[in-house]
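Subject: Structure handover and notes

Dear colleague,

Here is the structure I promised to pass on to you, together with my notes on it. Please look through the sequence and the coordinates first, and then read on.

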Amino acid sequence: MVKTGPMTDAQPSADRRLAAQALAANDPTGWFEPLYAEAAAGTSVVPWDRDAPNPLLVEWLRTAAVPQGARAMVIGCGYGTDAEFVASRGIRTTAFDISPTAIRGARARFPHSPVTYKVADLLDPPPSWRHAFDLVIESITVQSLPPEVRSLAITGIRGLLAPDATLLVIADISKTPATHGPPWPLTRADIDSFTAPDLTPVRIETVPRPDASGLHRWRAEFHRPRQATH
Ligand SMILES: C[S@@+](CC[C@H](N)C(=O)[O-])C[C@H]1O[C@@H](n2cnc3c(N)ncnc32)[C@H](O)[C@@H]1O
């Protein structure tokens, strides 16, 4: 179930209120930890929190050919629902979030989890993660960052991919460059900007959301060639 926070015309949702403060302070990621902290204190809700894994990920993974022994990375994992799903398919899974409170929440929700949960920043990932993962899942984290840091975020994502790795990107759709976020949904050009000499698009599609009637999302799969040199 998608949880929604209180929102009236007079009162912005907690994510928008905290994001406005952080962006005014020139800190594009500075609102996530306060939001999770408010949620932990019971004064706000995390609007993207779900009890069930992302259905577009579930559907994709059903037919994806994931090699035996593959190492997966789930970006911006929040409370870990998607990471737990990936791990439940027998895939060695690491997941990270910039918010320590979110990672504490994931560990508390799934105390016997096989997932390795870490606090880390996609905009400055740990060097030991460079080209270390065979499957990388990015679901609506890039769009939660303002456009000014989008290319840095995408560079961070590309850097996680091992040779022969697969990247799955799920994002909301915008026809024109989004200006007022969060979120800042992605245009086709934004999706195309994941492509690089060392990252090839495999399938880019817009798919209906089973969890939100009438809405669609990007679901884009990319492949890093075996001989990539970057
Ligand atoms: C919109 S939520 C998406 C959560 C989840 N991936 C999903 O599909 O529901 C974005 C998540 O990414 C995390 N995040 C934002 N910027 C990040 C960064 N630079 N590095 C790591 N995590 C980040 C946030 O704390 C938040 O949990």
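The notes below take the ligand first, then one helix, then some loop residues and the backbone.

Please keep in mind throughout that this is a predicted model, and that the distances, angles and areas below are computed from it.

**The ligand and its surroundings**

The ligand is surrounded by 21 residues, and the closest of them are Tyr36, Asp97, Asp121, Leu122 and Ser139. By residue class, this shell is made up of 11 nonpolar, 6 polar and 4 charged residues. Nitrogen atoms of the ligand take part in several short distances to the protein: a polar side-chain atom of Asp121 lies 2.8 Å from one such nitrogen, a polar backbone atom of Leu122 is 2.8 Å from a ligand nitrogen, and a backbone N or O atom of Ile98 lies 3.1 Å from a nitrogen atom of the ligand. Taken alone, the ligand would expose 600 Å², of which the protein buries 97%. As for secondary structure, the elements that contribute two or more residues to the shell are α2 (32–41) and β2 (92–97).

**Helix α2**

Which residues of α2 are buried? They are Phe32, Leu35, Tyr36, Glu38 and Ala39, and since Tyr36 is also listed with the residues closest to the ligand, this helix deserves a second look. Viewed down the axis of α2, the buried residues fall within an arc of 155°, so they line one face of the helix. The face turned away from that buried side carries the exposed residues Ala40 and Ala41. The cover over the buried residues of α2 includes α1 (14–24), β2 and α5 (100–109), and β2 is thus an element that appears both here and in the shell around the ligand. After α2 comes Gly42, whose phi is positive, near 85°.

**Buried residues in loops**

Two aspartates in loops have side chains that pair with arginines. Asp49 is placed in the loop between α2 and α3 (55–63), and its side chain makes a polar contact of 2.8 Å with the side chain of Arg109. With a relative accessibility of 8%, Asp49 counts as buried, because the cut-off for that class is under 20%. Asp198, in turn, sits in the loop between α7 (188–192) and β6 (200–208), where its side chain makes a polar contact with the side chain of Arg224 at 3.0 Å. Asp198 is buried too, its relative accessible area being 9%.

Pro28 belongs to the loop between α1 and α2, and at 18% relative accessibility it counts as buried. What does Pro28 contact once its neighbours within four places in sequence are left aside? The residues in question are Leu23, Leu145, Pro146 and Val149. In addition, the C-alpha atoms of Pro28 and Glu148 are separated by 8.7 Å, although these two residues are 120 residues apart along the chain.

**Backbone geometry to check**

Most residues other than glycine have a negative phi, and most peptide bonds are trans. Against that background, the following places may be of interest to you.

The peptide bond from Gly181 to Pro182 is cis, with omega near -5°, and a cis peptide bond also joins Pro182 and Pro183, where omega is about -5°. Pro182 is found in the loop between β5 (161–172) and α7, and Pro183 likewise lies in the loop between β5 and α7.

Where are the residues with a positive phi that are not glycines? One of them is His131, which has a phi of about 55° and is placed in the loop between β3 (116–119) and β4 (133–139); at 22% relative accessibility, His131 counts as partly exposed. Another is Ile140, with a phi near 50°, which lies in the loop between β4 and α6 (150–160); Ile140 is buried, with a relative accessible area of 19%.

With best regards

Conventions
Residues numbered from 1 in each chain as written. Predicted model: local features only at pLDDT ≥ 70, side-chain atom pairs only at ≥ 80, totals over all residues. Heavy atoms only, no water. Near = heavy atom within 4 Å. Polar contact = N/O pair within 3.5 Å; in protein donor to acceptor, adjacent residues only side chain to side chain. Areas by Shrake-Rupley, 256 points an atom, 1.4 Å probe, with all protein chains shown as cover. Helix = DSSP H or I, 4+ residues; strand = E, 2+ residues; numbered from the N terminus. Nonpolar A, V, L, I, M, F, W, Y, C, P; charged D, E, K, R; others polar. Buried < 20%, exposed > 50% of the residue type's maximum accessible area, 1.4 Å probe, protein only. Arc of directions from axis to C-beta. Contact = heavy atoms within 4.5 Å.
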